[in-house]
Amino acid sequence: MRFFQLSVLLAASAGALPQPEVGSGIPSEAFQPRAKQPFTARTDDVGALANKIIAVIVGGAQDYYIPNMVQADVGDVVQFQFSNGNHTVTQSEEASPCSPLTGGVHSGHIPYVDNQTEVGTFNLPVTSTDPMFIYCATGPHCVEGQVMVINPASEDQVVNYAKTAQSQTESIDGTAIIGGTVGTIPLEAAAFVPAAAEEEAAPPGEDPAAGGDAAGGNETVVLSGTVTETVTVATATAAAAVPTA
Ligand SMILES: [Cu+2]
């Protein structure tokens with residue numbers, strides 16, 4: 001009886017130990033002809049696996065998005081960085097620029113004023129590779145061409161969207177912030193150099209046709225019908241930019 005128990009114990013112990021196998025400890029790959037596996041740098045594959053932060057500058061010396069088209073993968077984040085002025089990131093339908101898409105992205109109005117050391121941002125996570133049409137809902141910026149497209153099907157699509165925007169008679173503001181996260185980054189980390197302070201950028205008497213709203217003042221513009229323009233700006237220099245006729 002004791003012998004039987006010992007035998008069972010030994011058998012069980014042996015079964016628990018790693019069993020030797022033919023060729024164990026030697027990677028079978030070592031025997032593959034190396035010539036059939038040439039080394040290649042997989043930069044494209046690595047890039048596809050890494051999520052990216054794609055910077056887009058909003059406003060500045062001119063009221064545009066730079067760049068005005070980006071290609072983004074699902075999982076990427078488009079980080080809008082707000083330069084001089086007061087702008088938004090607002091989503092529209094392709095055929096209706098300057099009008100907010102129901103349920104679409106909206107950043108709210110994010111300003112940048114002279115000598116600000118923090119830059120406002122709107123981080124937009126990309127959840128689809130379908131084209132996404134973006135406009136600025138501040139004043140007349142959209143009808144003046146401040147639009148961009150994420151994942152456009154073609155460059156022509158961006159051009160046509162901008163052209164359609166310029167044919168609109170009004171620009172409609174968004175409402176609640178949706179579709180992204182508002183934040184800040186230090187100016188030194190931003191992808192732009194701010195426009196020069198207003199006093200230096202537009203000496204009195206020079207180029208009155210230049211946009212005067214880059215100073216960050218409030219403005220209300222009615223674009224439909226007879227054009228009326230009410231502009232409230234912080235500096236006399238900017239106020240001088242309002243057309244008088
Ligand atoms: Cu704008």
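In which loop is Asn151 found? Asn151 lies in the loop between strand 10 and helix 3, where helices (H or I, at least four residues) and strands (E, at least two) are DSSP runs numbered from the N terminus. The structure is a predicted model, in which local features need pLDDT of at least 70, side-chain atom pairs count only at pLDDT 80 or more, and totals for chains, interfaces and linings use all residues. Residues are numbered from 1 along each chain as its sequence is written.

**Overall make-up**

The protein has 5 helices and 13 strands. Of its 245 residues, 31% are buried; a residue is called buried if 20 or more other C-beta atoms lie within 10 Å of its own, exposed if 12 or fewer, and partly exposed in between, with C-beta atoms placed from the backbone. Among the contacts with a separation of 6 or more, 67% come from residues 24 or more positions apart, a contact being a pair of residues whose C-beta atoms, placed from the backbone, lie within 7 Å.

**The sheet of 5 strands**

An open sheet of 5 strands has the order 2-1-4-8-11, with mixed pairing. Strand 2 (65–66) and strand 11 (181–186) stand at its edges, each with a single partner strand, so one side of each is left without a neighbour in the sheet. Two strands are said to pair if DSSP finds at least two bridges between them, and the table sets out three such pairings.

| Strand pair | Sense and bridges | Residues opposite each other |
|---|---|---|
| Strand 1 and strand 2 | antiparallel, 2 bridges | Val58 and Tyr65 |
| Strand 1 and strand 4 | parallel, 6 bridges | Ile54 and Val78 |
| Strand 4 and strand 8 | antiparallel, 5 bridges | Gln81 and Thr121 |

Strand 4 covers residues 77–82, and 5 of its 6 residues are buried, so strand 4 is largely enclosed by the rest of the structure. Its partners are strand 1, at residues 53–58, and strand 8, at residues 118–125.

**The sheet of 4 strands and its helix**

A further open sheet, of 4 strands, has the order 3-10-9-6 and again shows mixed pairing. Its edge strands are strand 3 (69–70) and strand 6 (90–92), each of which pairs on one side only. Strand 3 pairs with strand 10 (residues 147–150) in the parallel sense over 2 bridges, and the bridge partner of Met69 in strand 10 is Val149. Helix 3 (residues 155–166) packs on this sheet, touching strand 3, strand 9 (132–135) and strand 10, and its direction makes about 145 degrees with that of strand 10; axes here are lines fitted to C-alpha atoms, for helices over the stretch in contact, and angles run from 0 to 180 degrees between N-to-C directions.

**Backbone features in the loops**

Most residues other than glycine have a negative phi, and most peptide bonds are trans. Against that background, a cis peptide bond joins Ile66 and Pro67, with omega about -5 degrees, and Pro67 sits in the loop between strand 2 and strand 3. Asn115, in the loop between strand 7 (110–112) and strand 8, has a positive phi near 70 degrees, and Asn115 is exposed, with 7 other C-beta atoms within 10 Å. The phi of Asn151 is likewise positive, near 55 degrees, but Asn151 counts as partly exposed, with 19 C-beta neighbours inside 10 Å.

Technical notes:
Contact = placed C-beta atoms within 7 Å.
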